[in-house]
Amino acid sequence: MQLGMIGLGRMGANMVRRLMQDGHECVAFDTGRAAVDALAKEGAKPAYTLEELVKTLRAPRAVWLMVPATVVDVVLKQLLPLLQAGDVVIDGGNSHYHQAIRRAKELSAKGLHFVDVGTSGGVLGLERGYCLMIGGEKQTVERLNPIFATLSPGGGKAQGSPQERGYLHCGQSGAGHFVKMVHNGIEYGLMAAYAEGMNILKHANAGLETRNADAETAPLSDPELYQYELDLAAIAEVWRHGSIITSQLLDLAAGALQKDPALAHFAGRVSDSGEGRWTVQAAIEEGVPAYVLSAALYSRFESRDRAEFADKVLSAMRLGFGGHVEVPHKS
């Protein structure tokens, strides 16, 4: 099948490579000429403008956008006037599902089709494949099935149901990005659980540390119970084998700890790209509790010093009611 790919970043370029390996014809476009040139050398048809991309594709066209959510509408504004009725646009990024619903309506009014695809797999997707969560019209999704099958972990020649192979038509427009949104919210919680557990293990030597003996420092009840110097890299590695908590995320943590046990080249400022917030907002709208996902999101805010002023307010109140002076921070 023929597909046009807009956006040749960390995931878009590897998706093109995976598709070409299975015999699909790909037309590749990116605002960076070097990215296009690189894939052209590997067999993709290069397109250096959107006009060239559309002209190279046969009607009815299938164009996949793998660009940041913030620029999807900018790209669509330039792309849509070039397309014809019956063409389909796929958004494989992390757009809010509200936007997917809106875009599907706008494209439908022009005789075009829109499919939202939540794509999980990251930089490892070229070899392992991508988990695809798909929203849109049933007939349009079925038309794109060869593309989804190849990109999925099962690959184009695998047997079994789509979900067993790693891709699923979740429902009407927006459903794909809604499911991916919650997927990423869960990811926040899982990552936070690993991080907090590792932090407890790291500080299992608290009984060996010298603590201030003053009114501002809670004493350790029994220092003898916390005198472990644990090898976190080795622990993460052993958990990868036969443990109930093994996962790809644990694999990544184990690899990072093996390279640098202190993780000294990380500042610990954790970004959030939006999906965690949207998941918590959806939980609020639905009236369902999401304790873990909310806490994981707020933890990311705190990592970026967004709690600094609140902490100052706490210190100010403690000083006011009890004369408690802040303990200097250890560098």
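What percentage of the 331 residues in the protein do buried residues make up? In this predicted model, buried residues account for 39% of the 331, and a tour of the structure can begin with the whole chain before turning to single residues.

**The whole protein.** Show the chain as a cartoon and orient it along its principal axes, where the C-alpha atoms fill a box of roughly 75 × 45 × 40 Å. The cartoon should display 15 helices and eight strands. Of the contacts with a separation of 6 or more, 63% are between residues 24 or more positions apart.

**The nonpolar cores.** Next, select Trp-64, Ile-90, Val-115 and Phe-148, which have the most contacts inside the largest nonpolar core, a set of 31 residues. Colour helix H1, residues 12-21, as well, since with five residues this helix gives the most to that core. Apart from this core lies another, made up of 23 residues, and Val-27, Leu-53, Val-67 and Val-75 are among them.

Return now to Phe-148 and display its surroundings: once neighbours within four places in sequence are set aside, Phe-148 is in contact with Trp-64, Val-115, Val-117, Leu-132, Ile-134, Val-141 and Tyr-167.

**Two asparagines.** Move to helix H10, which spans residues 175-202, and select Asn-184 within it. Asn-184 counts as buried because its relative accessibility is 6%, below the cut-off of 20%. Its side chain makes a polar contact with the side chain of His-183, at 2.8 Å. Beyond residues up to four places away in sequence, Asn-184 touches Asn-94 and Glu-275, so both are worth adding to the view.

Then follow the chain to the loop between H10 and helix H11 (232-239), where Asn-205 lies. Is Asn-205 buried or exposed? Asn-205 has a relative accessible area of 16% and is therefore buried. With residues up to four places away in sequence left out of the count, Asn-205 touches Tyr-226, Gln-227, Tyr-228 and Glu-229.

**A pocket to finish.** Finally, select Ser-315, Glu-326, Val-327, Pro-328 and His-329, the residues that line the second largest pocket. The volume of this pocket is about 250 Å³. Sorted by class, its lining has two nonpolar, two polar and one charged residues.

Key:
Residues numbered from 1 in each chain as written. Predicted model: local features only at pLDDT ≥ 70, side-chain atom pairs only at ≥ 80, totals over all residues. Heavy atoms only, no water. 1 Å grid on protein atoms, 1.4 Å probe; cavity = no way out; pocket = protein on both sides within 12 Å on 5 of 7 lines; lining within 4 Å. Points joined across faces, edges and corners; volume = space filled by probe spheres on them. Nonpolar A, V, L, I, M, F, W, Y, C, P; charged D, E, K, R; others polar. Helix = DSSP H or I, 4+ residues; strand = E, 2+ residues; numbered from the N terminus. Buried < 20%, exposed > 50% of the residue type's maximum accessible area, 1.4 Å probe, protein only. Polar contact = N/O pair within 3.5 Å; in protein donor to acceptor, adjacent residues only side chain to side chain. Contact = heavy atoms within 4.5 Å. Core = buried A, V, L, I, M, F, W, Y, C linked by side-chain atoms within 4.5 Å.
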